[in-house]
Amino acid sequence: MGSDFKAIPLIDIGPLVEKIDDPTMASDKDLLQVVRLLDDACREAGFFYVKGHGIAESLMNEVRDVTRNFFQLPYEEKLKIKMTPQSGYRGYQRVGENITKGKPDMHEAIDCYTPIRPGKYGDLAKPMEGSNLWPEYPSNFEVLLENYINLCRDLSRKIMRGIALALGGAIDAFEGETAGDPFWVLRLIGYPVDIPEEQRTDTGCGAHTDYGLLTLVNQDDGICALEVQNRSGEWIYATPIPGTFVCNIGDMLKVWSNGIYQSTLHRVVNNSPRYRVSVAFFYESNFDAAIEPVEFCREKTGGAAKYEKVVYGEHLVQKVLTNFVM
């Protein structure tokens with residue numbers, strides 16, 4: 001959790017997107033200004049909006065539109081890609097199936113993960129082995145989403161390069177054994193309004209932090225629902241800004257940075273008369289990475305590690321196995 005921020009900062013990351021992969025631009029003043037803004041945002045709030053990110057607003061809208069079109073299908077159609085343990089916990093889940101801290105969340109969703117072939121990580125990934133379940137309708141769903149995933153993955157890699165510099169590390173500090181082969185998670189989420197009275201709560205998704213390194217949220221315009229907690233315990237709206245992603249840092253970055261950056265509690269409150277769609281892309285470390293406070297961050301924080309080593313895949317599997325009531 002960051003400071004007593006009252007609003008989430010907005011960063012134009014155009015110079016970073018354009019220049020971060022060019023070694024001759026390492027001391028470019030516009031790039032370094034973005035790095036400073038990222039550092040401030042990660043220290044103060046753990047949340048920030050990005051614009052100038054290079055992913056077309058029309059594509060962001062289209063991804064939310066096909067998601068909404070899927071959720072409007074008859075329930076029997078949606079069940080054709082039902083999430084089960086046999087599917088590696090990939091696929092569709094109905095309202096209330098996802099649990100946060102013991103309470104059902106009032107949303108339906110499709111969960112997608114990096115495909116894992118059998119045996120790739122030994123027993124570590126066994127519960128999550130498999131490929132994603134894509135619906136037949138809308139017919140452009142799979143092609144559209146796979147393109148979008150690739151773009152989000154590359155954008156996340158660039159932002160993480162900026163965050164590495166912000167922490168004082170090498171530009172490729174997150175590559176190699178940490179996140180050179182990053183695992184990703186995509187959640188396509190719908191927040192309905194017509195839930196039966198006996199089932200309904202106002203909790204679209206209970207208060208939580210994210211597991212990984214960085215999250216990019218593509219949310220519907222015009223509906224305030226995502227809230228972020230500041231240090232005083234106040235809930236601050238992440239009011240939608242068209243064409244931006246809401247970004248936040250996760251538990252693995254907190255551990256890696258030895259707490260210099262903290263993952264921030266956030267939740268979704270259902271208080272709109274309109275159906276709301278949100279598409280969250282989670283950029284994670286390598287599945288089998290052992291994440292621990294890195295030496296240069298320990299040196300900046302008194303020398304001792306504040307967190308124990310975490311194997312990302314173990315952390316994820318444990319969460320996934322306890323996240324659902326099926």
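The following dialogue examines a predicted model of a protein chain and the reasons behind the terms used for it.

Reader: How many helices and strands are there in the protein chain?

Author: The protein chain contains eight helices and 16 strands.

Reader: What makes the protein chain as compact as a globular protein of that length?

Author: Its radius of gyration is 19 Å, and the globule rule gives 20 Å for 326 residues; the two values are close, so the chain is as compact as a globular protein of that length. The C-alpha atoms fill a box of roughly 55 × 45 × 35 Å along the principal axes. Of the 326 residues, 54% are buried. The accessible surface comes to about 13,900 Å², and 50% of it belongs to carbon and sulfur atoms.

Reader: What share of the contacts between residues at least 6 apart in sequence joins residues at least 24 apart?

Author: That share is 78% in the protein chain.

Reader: In what order do the eight strands of the open sheet stand, and what is the pairing called?

Author: The order is E1-E2-E12-E9-E14-E7-E6-E3, and the pairing is mixed.

Reader: Why are E1 and E3 called edge strands?

Author: Strand E1 (10–12) and strand E3 (91–93) each pair on one side only, and they are the edge strands for that reason. From one strand to the next, the twist averages 25 degrees.

Reader: How do you know that E2 and E12 pair?

Author: Two strands pair if there are at least two bridges between them. Strand E2 (residues 47–51) and strand E12 (residues 245–249) are joined by four bridges and run antiparallel, so the criterion is met. One of the partnerships sets Phe47 against Asn248 in E12. Helix H2 (residues 29–44) lies across E1, E2 and E12, and runs at about 160 degrees to E1.

Reader: What makes strand E9 mostly covered?

Author: Six of the six residues of strand E9 (residues 214–219) are buried. Leu214, Leu216 and Asn218 point one way, while Thr215, Val217 and Gln219 point the other way. In a regular strand, side chains alternate between the two faces of the sheet.

Reader: Which strands pair with E9?

Author: E9 pairs with E12 in the antiparallel sense over four bridges, and Val217 stands opposite Val246 in E12. E9 also pairs with strand E14 (residues 276–286), again in the antiparallel sense, over six bridges. There, Leu214 stands opposite Tyr283.

Reader: Why is E6 described as largely enclosed by the rest of the structure?

Author: Six of the six residues of E6 are buried, so the strand is largely enclosed. Glu108, Ile110 and Cys112 point one way from E6, and Ala109, Asp111 and Tyr113 point the other way. Three bridges join E6 to E3, the two strands running antiparallel; Gly91 has Asp111 as its bridge partner in E6. Six bridges join E6 to E7, which also run antiparallel, and Tyr113 has Val185 as its bridge partner in E7.

Reader: Why is the contact between Asp111 and Arg187 called a salt bridge?

Author: The cut-off is 4 Å between a side-chain nitrogen of Lys or Arg and a carboxyl oxygen of Asp or Glu. The closest N and O atoms of Asp111 and Arg187 are 2.7 Å apart, so the pair qualifies. Asp111 lies in strand E6 (residues 108–113) and Arg187 in strand E7 (residues 182–191), so the pair ties together parts that are 76 residues apart in sequence.

Reader: How do you know whether Asp111 and Arg187 are buried or exposed?

Author: Buried means under 20% relative accessible area. Asp111 has 2% and Arg187 has 11%, so both are buried.

Reader: What makes Arg267 partly exposed, and what is its salt-bridge partner?

Author: Partly exposed lies between the 20% and 50% limits. Arg267 has 27% relative accessibility and therefore counts as partly exposed. Its partner is Glu227, the closest N and O atoms being 2.6 Å apart. Glu227 has 7% relative accessibility and counts as buried.

Reader: Why is the salt bridge between Arg157 and Asp21 said to tie together separate parts of the sequence?

Author: The closest N and O atoms of Arg157 and Asp21 are 2.7 Å apart. Arg157 lies in helix H5 (residues 141–166) and Asp21 in the loop between helix H1 (14–19) and H2, so the pair links parts that are 136 residues apart in sequence. The structure holds 19 salt bridges.

Definitions and conventions: Residues numbered from 1 in each chain as written. Predicted model: local features only at pLDDT ≥ 70, side-chain atom pairs only at ≥ 80, totals over all residues. Heavy atoms only, no water. Axes fitted to C-alpha atoms, helices over the stretch in contact; angles between N-to-C directions. Contact = heavy atoms within 4.5 Å. Rg over C-alpha atoms; globule rule 2.2 N^0.38 Å. Buried < 20%, exposed > 50% of the residue type's maximum accessible area, 1.4 Å probe, protein only. Areas by Shrake-Rupley, 256 points an atom, 1.4 Å probe, with all protein chains shown as cover.
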